[in-house]
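Here is a tour for a viewer session, one selection at a time. Please open the structure and follow the stops in order.

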Amino acid sequence: MIEIRFHGRGGQGVVTAADLLAMSAFYDEKYCQAFPSFGVERRGAPVLAFARMDDKPVRRRNQVARPDYVLVQDSTLLDVIDVSSGLKEGGTVIINTSKNASEIELASDATLYTVDGTKIALDVLGRPIVNTVMLGIFSGITGEVSIDGVKKAVEKRFSGKLQEKNLRAVEIAFEKAGEVK
Amino acid sequence: MASWDIMHGSRAVAEAVRLADVDVIAAYPITPQTHIVEDTAKMVADGDIRAEYVKVESEHSAMSVVIAASGTGARTFTATASQGLALMWEMLFVASGMRLPVVMVNANRALSAPISIWNDQQDSIASRDVGWIQLYVETNQEALDTTLMAYRIAEDAGVQLPVMVCMDGFVLTHTVEPVEVPDEEQVSKFLPKFKPQQYLDPKDPMALGPIAFPNVYTELRAMQQQAMDGAMSVIEKVNDEFSAVFNRSYGNGLVEEFKTEDAEVIIVTLGSVAGTIKDVIDERGDSKVGLLRIKSFRPLPEDEIRRALKGAKVVGVIEKDVSIGLGKGALASEVRDVMYGSGDSKILSFIAGLGGRDITLDSVRGVIDTCEKALSEDVETVHWVDLKTE
Amino acid sequence: MKISPGGVIRDMGSTVNTKTGGWRSERPVIDNDKCIECGSCWIFCPDSSIIVTTSGNRRTYSVNLDFCKGCGICANECPSAAIKMILEEK
């Protein structure tokens with residue numbers, strides 16, 4: 001079972017990101033699950049969301065405490081919380097930031113990738129909403145979900161122009177991830 | 001054709017309501033049930049459900065509306081949670097006393113004060129004596145399937161009782177996971193149009209809800225209990241028939257046993273935490289610990305519980321409620337009652353997951369450790385799991 | 001006695017089988033000479049116990065003592081003080 005924890009702030013679409021990741025896994029024909037940390041919704045407050053994927057049905061309902069991957073949508077959280085907390089040995093942290101990985105210090109010796117997802121989102125979507133971008137990056141770096149799976153999830157969730165733009169953002173993010181890796 | 005999709009638990013319930021072809025829906029939104037109200041309202045607006053959707057000003061009114069509609073022979077649906085269920089409370093007795101087959105989904109949530117929007121099961125547990133059938137589900141799939149089965153059970157000629165489908169708020173309602181949405185035609189075979197036993201009809205008048213003097217009140221209450229007793233075999237039958245059509249079932253409909261056969265320790269619980277417990281039991285790799293998930297809390301399947309727990313030396317009941325003043329969980333005290341006079345197993349109460357406290361793998365491991373300790377030494381009967389002491 | 005599930009009553013109009021006149025401690029007596037035929041007693045009676053008899057142009061009011069509980073509302077409402085409440089003799 002692969003477990004993923006998402007960090008972001010209220011209003012950044014963190015919960016949607018977790019949902020979309022589970023949907024991507026679903027379209028890859030895996031069992032999966034995603035849920036938020038059930039906070040009271042407040043714009044700007046630190047928010048957690050979780051996703052799991054497996055070859056057999058996901059039964060457990062507890063919050064993800066020992067993630068294989070951590071996705072951080074907002075790098076200002078690094079000053080507030082230890083995003084690598086509980087990370088499994090050999091786990092990976094992916095952070096949306098314009099900084100290089102070498103400029104960031106984590107509390108653990110996790111594998112760290114940084115990608116300027118906000119730039120991609122601003123270029124393509126015209127808004128700094130990075131959730132779909134993060135999924136393209138996650139797919140590109142980890143291969144845990146296919147880019148086709150991610151695109152199907154985006155197609156299911158969005159329609160019209162928003163769908164078109166998000167699909168493009170996902171593709172660009174996927175390619176960018178290849179460079180980072 | 002049945003189709004696989006990925007969806008929130010709330011959506012799964014809305015799909016069941018659509019497939020059940022209900023006539024009247026009345027509901028008032030409350031976290032964490034809100035999406036059920038939104039999804040079913042949209043389905044009605046889009047013409048996917050051909051039902052009257054009554055917007056009401058409170059849960060008391062929602063229940064009153066479905067009672068009245070059900071009295072005219074309509075198939076009805078409502079949903080609520082926590083404070084909403086509390087506000088409905090007097091009408092819950094009216095629905096069951098009038099023997100109306102109302103189906104309601106309760107998105108289990110803690111009660112105020114202090115204010116909590118998060119999950120536990122205190123709301124429906126505190127309503128255990130209202131005369132409703134209560135079925136607790138573990139997954140989103142089971143929420144959909146049980147909502148469909150609930151209509152068959154409620155509308156059965158020998159039952160005629162309202163059914164509350166209890167699903168953990170947030171933990172299921174706000175979780176996305178794969179769900180197989182059954183085929184419409186198959187559902188209409190499994191759940192044909194509602195043919196009420198008795199209903200308000202101007203051509204054949206009757207009085208619904210009159211006063212009962214002391215000379216008949218006791219008899220009417222006894223009839224409700226008889227209907228509950230009879231519901232037990234109907235729940236099993238409906239579970240079997242559901243399995244025959246859709247190839248899915250949930251234990252025998254009343255309880256689900258997991259590795260109980262040679263278990264010295266059996267954990268008993270309600271609802272979605274069963275999944276977490278199964279994972280912890282599996283990681284042990286022995287056959288010492290099993291799980292009994294009680295799906296039907298009302299009627300309480302006493303024989304099934306006795307049979308399942310017969311071989312256990314220690315029984316640990318994990319539940320998301322506490323009967324303040326009794327000092328233990330309500331289910332634990334009922335399990336003790338059921339086991340009275342049969343064997344000498346120790347029955348321990350574990351109060352966990354109140355007000356949204358995460359029941360972690362370690363929480364469950366801790367419960368099992370305590371139960372194993374109880375095999376050879378005396379331990380406290382009641383444990384507040386993960387209680388902070390300072 | 002046959003009791004239906006839910007306490008439903010199939011035998012409609014059975015309320016008339018329960019005679020409530022015995023609850024009464026005072027009974028209304030109507031003075032037809034003072035009566036102006038306004039019908040207030042008939043309107044206000046909570047137990048539908050005022051009986052109206054029409055003969056030509058003349059309406060006469062009387063009381064159905066099987067159901068009158070003796071509440072006195074008719075006497076209270078009568079604008080011409082044509083109704084008196086008198087003690088039931090037991």
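Start in chain A of this predicted model and select helix 3, residues 131-142. At 1.5 Å a residue, its 12 residues should span 16 Å, and the end C-alpha atoms are 16 Å apart, so the expected and modelled lengths agree.

Keep helix 3 of chain A selected and show its surroundings. Is this helix enclosed or open? Of its 12 residues, 11 are buried, so helix 3 of chain A is largely enclosed by the rest of the structure. The buried residues include Asn131(A), Met134(A), Phe138(A) and Ile141(A). Gly136(A) and Gly140(A) are buried too. Step just past the end of the helix to Gly143(A), which takes a positive phi of about 70°.

Next, select helix 4 of chain A, residues 147-157. Its buried residues are Gly149(A), Val150(A), Lys151(A), Ala153(A) and Val154(A). An α-helix has 3.6 residues a turn, so residues three or four places apart point the same way. To see what covers the buried residues of helix 4 of chain A, add helix 1 (14-27), helix 3 and helix 5 (160-180) of chain A, which are among the covering elements.

Now show the whole of chain A. Five helices and six strands make up its list of elements. Along the sequence they come in the pattern β-α-β-β-β-β-β-α-α-α-α. The radius of gyration of chain A is 15 Å, which agrees with the value near 16 Å for a compact globule of 181 residues. A box of roughly 40 × 40 × 35 Å, taken along the principal axes, holds the C-alpha atoms of chain A. Half of the chain, 50% of its 181 residues, counts as buried. Of the contacts in chain A between residues at least 6 apart in sequence, 58% join residues at least 24 apart.

Move to chain B and show it whole. Chain B has 12 helices and 15 strands. Its radius of gyration is 21 Å, close to the 21 Å given by the globule rule for 390 residues, so chain B is as compact as a globular protein of that length. Its C-alpha atoms fill a box of roughly 70 × 55 × 45 Å along the principal axes. In chain B, 54% of the 390 residues are buried. Among contacts in chain B between residues at least 6 apart in sequence, 78% join residues at least 24 apart.

Within chain B, select the open sheet of six strands with the order 9-11-10-13-14-15 and mixed pairing. Which strands stand at its edges? They are strand 9 (255-258) and strand 15 (382-384) of chain B; each has a single partner strand, so one side of each is left without a neighbour in the sheet. From one strand to the next, the twist averages 20°.

Inside the sheet, pick strand 10 (residues 265-269) and strand 11 (residues 289-294) of chain B, which run parallel and are joined by five bridges. One pair to label is Val265(B) with its bridge partner in strand 11 of chain B, Val289(B). Then add helix 10 (residues 302-309) of chain B, which packs on the sheet and touches strand 9, strand 10, strand 11 and strand 13 (314-319) of chain B. The direction of helix 10 makes about 10° with that of strand 9 of chain B. Add helix 11 (residues 330-339) of chain B as well: it lies across strand 10, strand 13 and strand 14 (346-351) of chain B, at about 150° to strand 13.

Between strand 13 and helix 11 of chain B, stop at the loop that holds Gly327(B). Is Gly327(B) buried or exposed? With 12 C-beta neighbours inside 10 Å, Gly327(B) counts as exposed. Lys310(B) is 17 residues from Gly327(B) in sequence, and their C-alpha atoms are 25 Å apart.

Finish with the chain contacts. Two pairs of chains are in contact, and chains A and B share the most contacts. Chain A and chain C have no contact, and their closest C-alpha atoms lie 40 Å apart. For the contact of chains B and C, select 15 residues from chain B and eight residues from chain C. On the chain B side, helix 8 (residues 214-246) gives the largest share, four residues. That side divides into 10 nonpolar, three polar and two charged residues.

Key: Residues numbered from 1 in each chain as written. Chains lettered and ligands numbered in written order. Predicted model: local features only at pLDDT ≥ 70, side-chain atom pairs only at ≥ 80, totals over all residues. Helix = DSSP H or I, 4+ residues; strand = E, 2+ residues; numbered from the N terminus. Rg over C-alpha atoms; globule rule 2.2 N^0.38 Å. Buried ≥ 20, exposed ≤ 12 C-beta atoms within 10 Å, placed from the backbone. Contact = placed C-beta atoms within 7 Å. Pairing = 2+ DSSP bridges. Axes fitted to C-alpha atoms, helices over the stretch in contact; angles between N-to-C directions. Expected span 1.5 Å × (residues − 1). Nonpolar A, V, L, I, M, F, W, Y, C, P; charged D, E, K, R; others polar.
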